[in-house]
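This report is meant for someone meeting the structure for the first time. Please look at the sequence and the model below, and then read on with both at hand.

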Amino acid sequence: MTAGPLQDKTQVKRGIVVFCVKTSEEVIAAFGADPYVQKGFMKAEAFAVTPEFGKLNTSGIDPTGIVENRIAILESASPNAPPEVHDQHLAYLQKEGPKVELAFYGKLSGPQSIRGIALFRGKDDSAITAWLEQAPLV
């Protein structure tokens, strides 16, 4: 569905690829022939995403071109936040998300500190960063 590099504070080369598949094994298998994975330079990890806002779609995107968007992995300083904080977070996404072209948000099944993944149409980093700083769970 979408792919690209990630900025990493530790300077590790990382990227993200979003697949629409039924099992994590399908994702891992998709990278089986990748020489970087085969030689151990990179590894593939798969995490399930539960959609909570918007949807992933490719309408209006030229499949032969390159479109620069932003994908953010949302981490929480308090992974054991009570359920009502999660509800506040979703309400914030729904109300304020369209202002920064939030196309999709999903809850990520992975490390406990990671709350979710957000896909923004466009690349207004300052607006997206300001918006993320206000999100209740980030």
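## A histidine in a helix

A good place to begin is His86, which has a relative accessible area of 19% and is therefore buried, since the cut-off for that class is under 20%. The model is a predicted one, and in it His86 belongs to helix α3, the run of residues 83–96. Leaving aside residues up to four places away in sequence, His86 is in contact with Glu52 and Leu137.

Helix α3 covers residues 83–96, and Glu96 carries the number at the end of that range. Glu96 also counts as buried, with a relative accessibility of 16%, whereas Lys95 is exposed, with a relative accessible area of 63%. Glu96 and Lys95 are nevertheless partners in a salt bridge, in which the closest N and O atoms are 3.8 Å apart.

## The chain as a whole

The protein chain contains four helices and six strands, and when these are read along the sequence they follow the pattern β-β-α-α-β-β-α-β-β-α. For a chain of 138 residues, a compact globule would be expected to have a radius of gyration near 14 Å, and the 16 Å found for this chain agrees with that expectation. Taken along the principal axes, the box filled by the C-alpha atoms is roughly 45 × 35 × 30 Å.

Of the 138 residues, 26% are buried. The accessible surface of the chain is about 9,500 Å², and carbon and sulfur atoms account for 54% of this surface. If one considers the contacts between residues at least 6 apart in sequence, 63% of them join residues that are at least 24 apart.

## Charges and salt bridges

The chain carries 14 positive and 16 negative side chains, and the centres of these two sets lie 2 Å apart. Side chains of opposite charge can pair when their charged atoms come close. How many salt bridges does the structure hold? There are six salt bridges in the structure, and one of them, between the side chains of Glu45 and Lys43, has an N to O distance of 4.0 Å. Both partners count as exposed, Glu45 at 51% relative accessibility and Lys43 at 66%.

Another salt bridge brings together the side chains of Arg70 and Asp125, with an N to O distance of 2.5 Å. Arg70 lies in strand β4 (residues 70–75) and Asp125 in helix α4 (residues 125–134), so this pair ties together parts of the chain that are 55 residues apart in sequence. Asp125 has a relative accessible area of 39% and is thus partly exposed.

## A glycine in a strand

Where does Gly54 lie? Gly54 is part of strand β3, which spans residues 49–54, and with a relative accessibility of 48% this glycine counts as partly exposed. Gly54 touches Ala103 and Phe104, when residues up to four places away in sequence are not counted.

Gly54 can also be compared in position with Gly97, which is 43 residues away along the chain, while the C-alpha atoms of the two glycines are separated by 9.5 Å. Strand β3 also takes in residue 52 within its range of 49–54, and Glu52 is one of the residues touched by His86, the buried histidine with which this report began.

Notes
Residues numbered from 1 in each chain as written. Predicted model: local features only at pLDDT ≥ 70, side-chain atom pairs only at ≥ 80, totals over all residues. Heavy atoms only, no water. Helix = DSSP H or I, 4+ residues; strand = E, 2+ residues; numbered from the N terminus. Rg over C-alpha atoms; globule rule 2.2 N^0.38 Å. Buried < 20%, exposed > 50% of the residue type's maximum accessible area, 1.4 Å probe, protein only. Contact = heavy atoms within 4.5 Å. Areas by Shrake-Rupley, 256 points an atom, 1.4 Å probe, with all protein chains shown as cover. Lys, Arg positive; Asp, Glu negative; His and termini not counted. Charge placed at Lys NZ, Arg CZ, Asp CG, Glu CD.
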